[in-house]
Amino acid sequence: MNATSRGMAEVDPRSPVPEEALREDLLVMDIVYKPMITELVEAARRRGATAVHGGRMLLHQAAEQFRLYTGREPPLGAMDEALRAQLG
C-alpha cells in the first residue's frame with residue numbers, strides 16, 4: 001500500500017515501489033487519487049498484480065460519510081460517476 005503523497009503529479013509522479021518488486025500474487029493499493037491511475041497502479045497491472053487505485057478509497061469514505069450523516073444507503077453508482085467525472 002502506498003500511503004504517501006508520492007505518485008501525485010504535483011508532488012512526485014514516480015512510483016514509490018520499483019516495478020521489479022511487483023508480482024502477480026500481490027494486491028497493490030495506491031491511496032493517491034489524483035491522478036487516479038498512478039505509475040504504481042500501472043506497473044502493478046503490467047506485472048499481473050491486482051491493483052486498486054485511490055479513487056476506490058475516496059469513494060467508499062464518502063459513502064460511509066453519506067451513510068453516517070443521512071442514515072440512508074449511499075447511491076454508489078451516482079457517486080462513482082461523479083468521482084470519475086471529476087478525477088478522470
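A residue is counted as buried when its relative accessible area is under 20%, as exposed when that value is over 50%, and as partly exposed in between. These terms are applied throughout the following description of the structure, which is a predicted model.

The protein contains three helices and two strands. Read from the N terminus, these elements follow the order β-α-β-α-α. Along the principal axes, the C-alpha atoms occupy a box of roughly 45 × 30 × 20 Å. Of the 88 residues, 30% count as buried. The surface exposed by the protein amounts to about 5700 Å², of which carbon and sulfur atoms supply 54%. Among contacts between residues at least 6 apart in sequence, 49% join residues that are at least 24 apart.

Helix α2 comprises 17 residues, from 54 to 70. At 1.5 Å a residue, a helix of this number of residues should span 24 Å, and the C-alpha atoms at its ends are indeed 24 Å apart, so the expected and computed spans agree. Four residues of α2 are buried, namely Gly54, Gly55, Leu59 and Ala63. The cover over these buried residues includes strand β2 (50-52) and helix α3 (76-87). Immediately after α2, Gly71 adopts a positive phi of about 75 degrees.

Helix α1 spans residues 39-46, and its residues Leu40, Val41, Ala43 and Ala44 are buried. When α1 is viewed down its axis, the buried residues fall within an arc of 165 degrees, and they therefore line one face of the helix. In general, an α-helix has 3.6 residues a turn, so residues three or four places apart point the same way. The buried residues of α1 pack against strand β1 (27-29) and against strand β2. A glycine with positive phi also follows this helix: just after α1, Gly48 has a phi of about 90 degrees.

The loop between β1 and α1 was examined next. Pro35 lies in this loop, and the peptide bond from Lys34 to Pro35 is cis, with omega near 10 degrees. Thr38 is also placed in the loop between β1 and α1. With a relative accessible area of 2%, Thr38 falls under the 20% limit and is therefore buried. The side chain of Thr38 is joined to that of Asp30 by a polar contact of 2.6 Å. When neighbours within four places in sequence are left aside, the residues in contact with Thr38 are Gly7, Asp30 and Val32.

Charged side chains were considered last. The count of salt bridges in the model comes to eight. One of them connects Arg56 and Asp80, with the closest N and O atoms 2.5 Å apart. Because Arg56 lies in helix α2 and Asp80 in helix α3, this pair ties together parts that are 24 residues apart in sequence. Arg56 is partly exposed, at a relative accessible area of 23%, whereas Asp80, at 16% relative accessibility, counts as buried.

A salt bridge is also formed between Glu73 and Arg67, whose closest N and O atoms are 3.2 Å apart. Glu73 counts as exposed, with 60% relative accessibility, while Arg67 is partly exposed, with a relative accessible area of 29%. In the salt bridge between Arg23 and Asp25, the closest N and O atoms are separated by 2.8 Å. Arg23 is partly exposed, its relative accessible area being 43%, and Asp25 is exposed, with a value of 57%. In addition, Arg6, Asp12 and Arg14 are linked in a network of salt bridges.

Methods:
Residues numbered from 1 in each chain as written. Predicted model: local features only at pLDDT ≥ 70, side-chain atom pairs only at ≥ 80, totals over all residues. Heavy atoms only, no water. Expected span 1.5 Å × (residues − 1). Buried < 20%, exposed > 50% of the residue type's maximum accessible area, 1.4 Å probe, protein only. Contact = heavy atoms within 4.5 Å. Arc of directions from axis to C-beta. Salt bridge = Lys/Arg side-chain N within 4 Å of Asp/Glu carboxyl O. Areas by Shrake-Rupley, 256 points an atom, 1.4 Å probe, with all protein chains shown as cover. Polar contact = N/O pair within 3.5 Å; in protein donor to acceptor, adjacent residues only side chain to side chain.
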